[in-house]
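Trainee: I should like to discuss this entry with you, beginning with the terms on which its description rests.

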Amino acid sequence: TLKAGEEGKLFGSVTSQMISAELADQGLQVNKKEIILEDSIKELGSHKVDINLGEDLVATIKIKINKESA
C-alpha cells in the first residue's frame with residue numbers, strides 16, 4: 001500500500017528492496033539482488049515480477065499495489 005495520485009501514479013516507485021522486505025514479512029527470504037525489475041514500478045495495480053532462483057530457474061510472482069487511504 002503506497003501513496004498515489006488521482007490517476008494511479010505512485011509518488012515514487014516500487015523497488016526490489018521494498019519487494020524483498022514485503023516477502024520477508026510473509027516468511028519468504030528473497031535477496032533484493034535476485035528480484036528482476038525491468039523498469040521501476042510506478043503505477044497502482046497488479047504487476048508480474050521475476051525472481052532469479054539460480055541454476056537457470058526463474059519464478060514469476062504477482063504483486064498488487066494498492067492506494068494508501070488518506
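Mentor: Relative accessible area sorts residues into buried (under 20%), exposed (over 50%) and partly exposed (in between), with a 1.4 Å probe and protein chains only. This is a predicted model, in which local features need pLDDT (the predictor's confidence in each residue, from 0 to 100) of at least 70, side-chain atom pairs count only at pLDDT 80 or more, and totals for chains, interfaces and linings use all residues. Residues are numbered from 1 along each chain as its sequence is written, and side-chain values use heavy atoms, with hydrogens and water left out.

Trainee: What is the mean pLDDT of the protein chain?

Mentor: Of the residues in the protein chain, 99% reach 70 or more. Strands here are DSSP runs of E with at least two residues, numbered from the N terminus; confidence is lowest in β1, at a mean of 92, and highest in strand β2 (residues 35–36), at 96. For the protein chain, the mean pLDDT is 93.

Trainee: Which residue forms a salt bridge with Glu43?

Mentor: A salt bridge requires a side-chain nitrogen of Lys or Arg within 4 Å of a carboxyl oxygen of Asp or Glu. Here the closest N and O atoms are 2.8 Å apart. The partner lies in strand β1, whereas Glu43 belongs to strand β3 (residues 41–43), 34 residues apart. Glu43 is partly exposed at 38%, and at 45% relative accessible area so is its partner, Lys9.

Trainee: Which residue meets Glu6 in a salt bridge?

Mentor: The N to O distance in this pair is 3.7 Å. Glu6 lies in the segment before β1 (9–14) and its partner in the segment after β5 (57–65), 61 residues apart. Glu6 is exposed, with a relative accessible area of 76%, while the partner is partly exposed at 38%. That partner is Lys67.

Trainee: Is Val49 buried or exposed?

Mentor: Val49 lies in strand β4 (residues 45–54). With contact taken as heavy atoms within 4.5 Å, and not counting residues up to four places away in sequence, Val49 touches several residues, including Ile19, Ile36, Leu37 and Ile61. At a relative accessible area of 0%, Val49 is buried.

Trainee: Which strands stand at the edges of the open sheet?

Mentor: Two strands pair if DSSP finds at least two bridges between them. The open sheet has three strands in the order β2-β4-β5, with antiparallel pairing, and nine bridges join β4 to β5. Each edge strand has a single partner strand, so one side of each is left without a neighbour in the sheet; these strands are β2 and β5.

Note on methods
Helices (H or I, at least four residues) and strands (E, at least two) are DSSP runs, numbered from the N terminus.
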